[in-house]
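I sat down with this one today and kept notes as I went. Here is the structure I had open.

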Amino acid sequence: MDIYDYELITKALNTANEWSAYGNIKFILTTNKATSDIRVAFRAGNGYLSAVGTHATEAAYVNHTTMWLQNLDKQPKDEFKRVVLHEFGHSIGLLHEIQSPAAASIKWKVPEVNAHFKKLYGWEPDKVYTNVLQIVPTNAYTKFDPLSIMVYAIPKELTTNLTADIEWPTALSKIDKETIVTYYPF
Ligand SMILES: [Zn+2]
């Protein structure tokens with residue numbers, strides 16, 4: 001059996017390359033591990049995860065997988081697209097929008113948040129902290145964008161001050177598109 005599923009790889013690449021329309025980014029296929037920047041596992045791992053930006057060059061990732069999209073092809077079309085754009089967003093350096101300093105005004109009900117993500121993904125509180133609750137200081141962020149591809153869906157009941165649910169995104173937002181070109185100018 002061919003170890004590469006080119007149909008799946010092409011589908012993921014074409015989806016990821018939507019970023020290319022808005023920033024000077026091009027994801028191209030290579031089977032040369034030594035010169036690759038991003039190495040994707042479609043069968044191994046535990047859910048969806050990616051190294052953020054240049055972290056993928058750190059020792060722990062050398063010749064290793066940098067992105068896990070485990071069994072993503074079993075997901076419906078919209079979820080496939082959301083996850084690919086989100087994880088490739090991480091690969092080009094983007095963090096979770098809800099962890100931006102601009103999201104620091106969200107007042108979380110921490111036990112409820114922990115219970116929610118435990119039920120959804122089986123995450124322990126430390127993982128919820130690093131993926132959701134922890135604000136990551138950065139000098140590159142926009143006004144909080146609840147439509148960003150980099151959000152998780154957040155029911156407003158998990159907070160004391162969101163007035164509307166944050167829904168799962170299905171596409172790059174207007175702000176995603178306008179911002180990525182400032183990091184990757186043509
Ligand atoms: Zn993420």
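My entries below cover the metal site, the salt bridges and a surface patch.

**Entry 1: the model.** I am working from a predicted model, so I keep that in mind throughout.

**Entry 2: the zinc site.** Which protein atoms are donors to the zinc ion? I found the NE2 atoms of His86, His90 and His96, lying 2.0 to 2.1 Å from the metal. Along the chain, the donors follow the spacing H-x3-H-x5-H. I then checked where the outer two sit: His86 lies in helix H2 (residues 77–91), while His96 is in the loop between H2 and helix H3 (110–121), so the pair ties together parts that are 10 residues apart in sequence. Are His86 and His96 buried or exposed? Both are buried, which means each has under 20% relative accessible area.

**Entry 3: salt bridges.** I turned to charged pairs next. How many salt bridges are there? The count comes to 7, and I looked up some of them.

- Glu18 pairs with Lys81, with 4.0 Å between the closest N and O atoms. This salt bridge links distant parts of the chain, 63 residues apart: Glu18 is in the loop between H1 and strand E1 (40–41), and Lys81 is in helix H2. Glu18 has a relative accessible area of 22%, so I noted Glu18 as partly exposed. Lys81 counts as partly exposed too, because its relative accessibility is 27%.
- Asp73 meets Lys74 at 3.8 Å, N to O. Asp73 is partly exposed at 26% relative accessible area, whereas Lys74, at 60%, is exposed. I also saw that Arg43, Asp73 and Lys74 are linked in a network of salt bridges.
- Lys156 and Glu157 form another salt bridge, their closest N and O atoms being 3.5 Å apart. Lys156 is partly exposed at 30% relative accessibility, and Glu157 is partly exposed at 46%.

**Entry 4: a nonpolar patch.** Which residues form the nonpolar patch on the surface? My list reads Ile3, Tyr4, Tyr6 and Leu29, with about 420 Å² of accessible area together. I picked out Tyr4 for a further look. Tyr4 is placed in the segment before helix H1 (6–16). Why does Tyr4 count as partly exposed? Its relative accessibility is 35%, and partly exposed covers values between 20% and 50%.

**Entry 5: for my next session.** I will come back to the three histidines at the zinc ion and to the network of Arg43, Asp73 and Lys74.

Conventions
Residues are numbered from 1 along each chain as its sequence is written. This is a predicted model: local features need pLDDT of at least 70, side-chain atom pairs count only at pLDDT 80 or more; totals for chains, interfaces and linings use all residues. Side-chain values use heavy atoms; hydrogens and water are left out. Donors are N, O and S atoms within 2.8 Å of the metal (3.2 Å for Na, K and Ca); water is not among the atoms, so sites may look incomplete. Helices (H or I, at least four residues) and strands (E, at least two) are DSSP runs, numbered from the N terminus. Buried means under 20% relative accessible area, exposed over 50%, partly exposed in between (1.4 Å probe, protein chains only). Patches are made of residues with over 30% relative accessible area and no salt bridge: like charges are joined within 9 Å, nonpolar side chains (Val, Leu, Ile, Met, Phe, Trp, Tyr) within 5 Å. Accessible areas come from the Shrake-Rupley method with a 1.4 Å probe; for residues, only the protein chains shown count as cover. A salt bridge is a side-chain nitrogen of Lys or Arg within 4 Å of a carboxyl oxygen of Asp or Glu.
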